[in-house]
Amino acid sequence: MNFVALTIFPEMFQPFWGHGIVRRAIEQGVISASAVNIREFAAGRHQVTDDSPYGGGNGMVMKPEPLAAAIRWAAEAVPGARTVYLSPQGRVFNQEIAAELSIQPGLILICGRYEGIDERICQQFVDDEISIGDYVLTGGELPAMVLMEAVTRLIPGALGGEESALKDSFSDSLLEHGHYTRPANFEGEPVPDVLLSGNHAQIEKWRLESSLIRTVLKRKDLLMQRQLTLAEVRILQQWRLDIDHILQSQSISGAGPLPGRQ
Ligand code: 21W
């Protein structure tokens with residue numbers, strides 16, 4: 001994967017590329033990454049990249065000519081790349097989109113500033129428009145880094161433990177169980193006994209049940225879109241039995257009829 005970010009703040013990317021998984025992926029040749037300054041493609045002594053909007057109003061708009069020149073240059077450097085505009089109006093980024101992008105030969109990431117880029121760039125050069133969520137930022141640089149990190153870790157060879165990207169939350173729409181490390185008792189809070197038992201079948205069962213509980217409590221929406229496994233269906237059915245027993249014991253002990261029942 002070849003990433004090219006087009007930005008008026010290329011320095012923002014240097015610390016990002018110098019750390020963690022992205023750095024390792026670069027060192028191992030799994031990805032290449034560069035940030036190109038749009039200003040270098042702007043004409044005149046002052047290399048202006050923005051201008052006031054036709055029709056008036058507040059804010060500035062990124063001029064089309066420097067962007068077009070930068071995109072053309074990047075498209076030549078990375079043949080077959082998809083041109084992505086990071087924009088609040090884009091489709092909202094998720095793990096599925098990350099997987100889709102991870103099989104591209106290259107990504108040209110246009111980072112807007114001010115009120116955005118001239119509409120004609122969107123029409124003539126942009127293949128894909130992506131937002132990272134419904135909150136207001138001041139430019140596309142951080143969104144581009146978010147996208148690059150999510151995509152990079154899906155590329156074979158980028159992670160240490162090869163299978164770990166597949167086991168993650170969201171990739172199979174189940175949240176993870178809690179994680180514990182030493183000490184066995186921290187400020188009065190013990191680690192669940194089963195995790196110290198050495199019984200790996202029981203540990204796997206506890207982890208799956210813990211994942212399901214968390215997903216039901218925190219993110220029911222993820223469970224609704226999931227094709228449940230047989231083991232998961234069994235656990236949910238057992239909870240239903242347990243909850244039915246609790247409710248039945250309530251009606252027996254004189255609490256009166258339950259709401260919705262006679
Ligand atoms: C944010 C530009 C909002 C324009 C009222 C008057 C890229 C982004 C961005 C930005 C507006 C992404 C306004 C999530 C984001 C980005 C800069 C609209 C503002 N309101 N994903 N003027 N959030 N943001 N105009 O902000 O470039 S991806």
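**Loop between α7 and β8**

I began with the loop between α7 (164–167) and β8 (185–186), where I found Pro183. The model is a predicted one, and I read its backbone angles with that in mind. I checked the peptide bond from Arg182 to Pro183 and noted that it is cis. Its omega lies near 5°.

**Loop between β2 and β3**

I then turned to Gln47, which has its place in the loop between β2 (32–37) and β3 (50–51). I looked up phi for Gln47 and recorded a value near 45°. I marked this entry since the value is positive and the residue is other than glycine.

**Ligand: surroundings**

Next I listed what surrounds the ligand and counted 16 residues. I wrote down the closest, namely Glu115, Ile132, Gly133, Tyr135 and Leu137. I sorted this shell by class and obtained nine nonpolar residues, six polar and one charged.

I also asked which strands supply at least two residues of the shell each. I found β5 (82–92) and β7 (128–131). The largest share of the shell comes from β5, with three residues.

**Ligand: polar contacts**

I went through the contacts of the ligand with N and O atoms of the protein. For Glu115, I noted an N or O atom of the side chain at 2.8 Å from a nitrogen atom of the ligand. For Tyr135, I noted a polar backbone atom, 2.8 Å from a nitrogen atom of the ligand. For Leu137, I recorded a backbone N or O atom that lies 2.9 Å from an oxygen atom of the ligand. I then looked up the cover: on its own the ligand has 590 Å² of accessible area, and the protein covers 68% of that.

**Largest pocket**

Where does the ligand sit? I located the ligand in the largest pocket. I recorded about 520 Å³ of space in this pocket.

I counted 25 residues in the lining of the largest pocket. Nearest the centre of the pocket I found Tyr85, Leu86, Ser87, Pro88 and Glu115. Glu115 thus appears twice in my entries, as it is also among the residues closest to the ligand.

I sorted the lining by class as well, and it divides into 12 nonpolar, nine polar and four charged residues. I noted that β5, α5 (119–125) and β7 each supply at least two residues of the lining. The largest share of the lining, five residues, comes from β5. I closed the entry with β5, which also gives the largest share of the shell around the ligand.

Conventions
Residues are numbered from 1 along each chain as its sequence is written. This is a predicted model: local features need pLDDT of at least 70, side-chain atom pairs count only at pLDDT 80 or more; totals for chains, interfaces and linings use all residues. Side-chain values use heavy atoms; hydrogens and water are left out. A residue is near a molecule or strand if one of its heavy atoms lies within 4 Å of it. A polar contact is a pair of N or O atoms within 3.5 Å; within protein, one must be able to donate a hydrogen and the other to accept it, and residues adjacent in sequence count only if both atoms are side-chain atoms. Accessible areas come from the Shrake-Rupley method with a 1.4 Å probe; for residues, only the protein chains shown count as cover. On a 1 Å grid over the protein atoms alone, a cavity is a set of points where a 1.4 Å probe fits but cannot get out, and a pocket is an open set with protein on both sides within 12 Å along at least five of seven lines; lining residues have an atom within 4 Å of a point. A molecule sits in a cavity or pocket if more than half of its atoms lie within 2 Å of its grid points. Helices (H or I, at least four residues) and strands (E, at least two) are DSSP runs, numbered from the N terminus. Ala, Val, Leu, Ile, Met, Phe, Trp, Tyr, Cys and Pro count as nonpolar, Asp, Glu, Lys and Arg as charged, and the others, Gly among them, as polar. Grid points are joined across faces, edges and corners, and a volume is the space filled by probe spheres set on the points.
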